[in-house]
Amino acid sequence: MISDLPANLDAASQILKSAARVAVMSGAGISAESGVPTFRGADGLWEGRRPEEVATPEAFARDPEDVWAFYKMRRDLMAPVQPNPAHKTLAQWSERFEPLHLITQNIDGLHQAAGSCDVLELHGSLWDTRCLGCGIQESRRDALEDAIPSCPHCKGVLRPAVVWFGEMLPPGALEQAMEWASSCEVFLCIGTSSLVQPAASLAMIALEGSASVLEINLEETPLTPHATLHLQGPAGEILPALDARMRA
Ligand code: BV8
Ligand code: ZN
C-alpha cells in the first residue's frame with residue numbers, strides 16, 4: 001500500500017473525529033522512541049538470542065539464572081525510560097473517546113507511566129513477579145538482587161510474571177481484548193509487526209466487526225494489506241499529528 005502520509009493523516013483524523021468507541025493495540029514499536037529496543041528490529045532485543053532461548057518456560061526450567069539475567073537486564077534498561085509523545089497522546093485520548101480501550105503486548109509499563117488507566121497487558125508486566133510456590137503475583141520495582149529472586153512470603157522461587165512463548169495469556173485477557181476489538185468503531189494498531197499470536201488476530205476481529213483499522217508503523221506488516229489506512233512513520237510523530245488534526 002503506497003503510503004501518502006498527509007492524505008492518510010487527514011482521512012484517519014476524519015474517521016477518528018466521528019468515532020466514539022475506539023480500541024488500541026500497541027506493540028514494541030510504540031516504545032522505540034523512548035529508547036527501548038524492539039524485538040525484531042536491527043537493534044532488536046532478540047538480536048543474537050532466539051526468543052525460544054530466553055522467553056519460554058522450558059528455558060526457565062533449564063536455566064532460571066540465565067532467564068532472570070535477561071529480564072533483569074531489561075528491568076535495568078527500563079528504569080530511567082520515560083513515555084514518549086505516542087504514549088502521552090493515547091493517555092489524553094482516554095478522556096476524548098467513550099471509551100478508549102487500550103490493549104498492549106508490551107510489558108514495559110510506559111502506557112501507565114504516561115497516565116493511561118485500565119491498560120490490558122496481554123503479555124504481563126516486566127515489573128511483576130509470580131511465585132512458583134505460593135502463586136502470589138506482585139509488582140516490584142526494587143533491583144531484585146539475587147540471581148534467582150525468592151518469594152518474600154514463602155521463600156519459593158519467583159519467575160517474571162510475563163507470558164512466554166507457548167504459554168497461555170492471563171485468564172480473561174484475550175477474551176476481554178476480543179470483545180473490545182469486535183465492538184469498537186476504530187481499531188488502532190500501533191508499532192507491532194503483527195506476527196505474534198494470538199495478539200495479531202485482534203485487528204482481523206475488528207475488521208470482521210466492521211471497524212476501521214488504522215495501522216501506524218515504520219514499515220508494512222502482514223496487517224497492512226487488510227488495514228483501512230496505513231500511516232507510515234514514527235508513532236511519536238503520527239499520533240500527535242492526528243491529535244492536532246482532530247482539534248482543528
Ligand atoms: C500461545 C512477553 C499457545 C515476554 C511476548 C506459528 C504460527 C503462529 C503462532 C505460533 C507459531 N509458533 C508458535 C506460535 C505461537 C506464538 C507465536 O505467535 N509465535 C510467533 C513468533 C510466530 N505465540 C505464543 O506462544 C503465545 N501463546 O500461543 O499459547 C497455547 C495455546 C493453547 C494452550 C497453551 C498454549 C504467547 C506469545 C507471547 C510471547 N511473549 N512477550 C517478553 O516480552 O519478554 S511476545 C513479544 O513479541 C512482546 O510481547 C512483543 O510486544 C511481541 C510482539 O512483537 P511486537 O510488539 O510486534 O514487536 P516487534 O519488534 O516484532 O515489532 C515492532 C514493530 O514496531 C515493527 O513492525 C516496527 O516496524 C515497528 N516500529 C519500530 N519503531 C517504530 C515502529 N512503529 C511505529 N513507530 C516507531 N517509532
Ligand atoms: Zn511464595
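A polar contact here is a pair of N or O atoms within 3.5 Å, and in this predicted model Glu 33 offers a good example to begin with.

**View 1. Polar contacts reach ligand 1 from side chain and backbone alike.** A nitrogen atom of ligand 1 is found 2.9 Å from an N or O atom in the side chain of Glu 33. At Ala 28 it is a backbone N or O atom that takes part, 2.8 Å from an oxygen atom of ligand 1. Ala 235 also uses a backbone N or O atom, which lies 2.9 Å from a nitrogen atom of ligand 1. On its own, ligand 1 has 1,500 Å² of accessible area, and the protein covers 74% of this.

**View 2. Ligand 1 takes up the space of the largest pocket.** There are 32 residues around the ligand, and Arg 40, Arg 74, Gly 166, Ser 193 and Asn 217 come nearest. What is the make-up of the shell around ligand 1 in nonpolar, polar and charged residues? The shell holds 14 nonpolar, 13 polar and 5 charged residues.

**View 3. Cysteines hold the zinc ion (ligand 2).** The protein donors are the SG atoms of Cys 131, Cys 134, Cys 151 and Cys 154, at 2.2 to 2.3 Å from the zinc ion. Along the sequence, these donor residues follow the spacing C-x2-C-x16-C-x2-C.

**View 4. The zinc site (ligand 2) has a tetrahedral arrangement.** Why is it called tetrahedral? Because the 4 donor atoms around the zinc ion subtend angles of 97 to 116°. For comparison, the ideal angle for four tetrahedral donors is 109.5 degrees.

Note on methods: Residues are numbered from 1 along each chain as its sequence is written. Chains are lettered from A and ligands numbered from 1 in the order in which they are written. This is a predicted model: local features need pLDDT of at least 70, side-chain atom pairs count only at pLDDT 80 or more; totals for chains, interfaces and linings use all residues. Side-chain values use heavy atoms; hydrogens and water are left out. A residue is near a molecule or strand if one of its heavy atoms lies within 4 Å of it. A polar contact is a pair of N or O atoms within 3.5 Å; within protein, one must be able to donate a hydrogen and the other to accept it, and residues adjacent in sequence count only if both atoms are side-chain atoms. Accessible areas come from the Shrake-Rupley method with a 1.4 Å probe; for residues, only the protein chains shown count as cover. On a 1 Å grid over the protein atoms alone, a cavity is a set of points where a 1.4 Å probe fits but cannot get out, and a pocket is an open set with protein on both sides within 12 Å along at least five of seven lines; lining residues have an atom within 4 Å of a point. A molecule sits in a cavity or pocket if more than half of its atoms lie within 2 Å of its grid points. Ala, Val, Leu, Ile, Met, Phe, Trp, Tyr, Cys and Pro count as nonpolar, Asp, Glu, Lys and Arg as charged, and the others, Gly among them, as polar. Donors are N, O and S atoms within 2.8 Å of the metal (3.2 Å for Na, K and Ca); water is not among the atoms, so sites may look incomplete. Four donors count as tetrahedral if all angles lie between 85 and 135 degrees; four count as square planar and six as octahedral if opposite donors are over 155 degrees apart and all others between 65 and 115; anything else is irregular.
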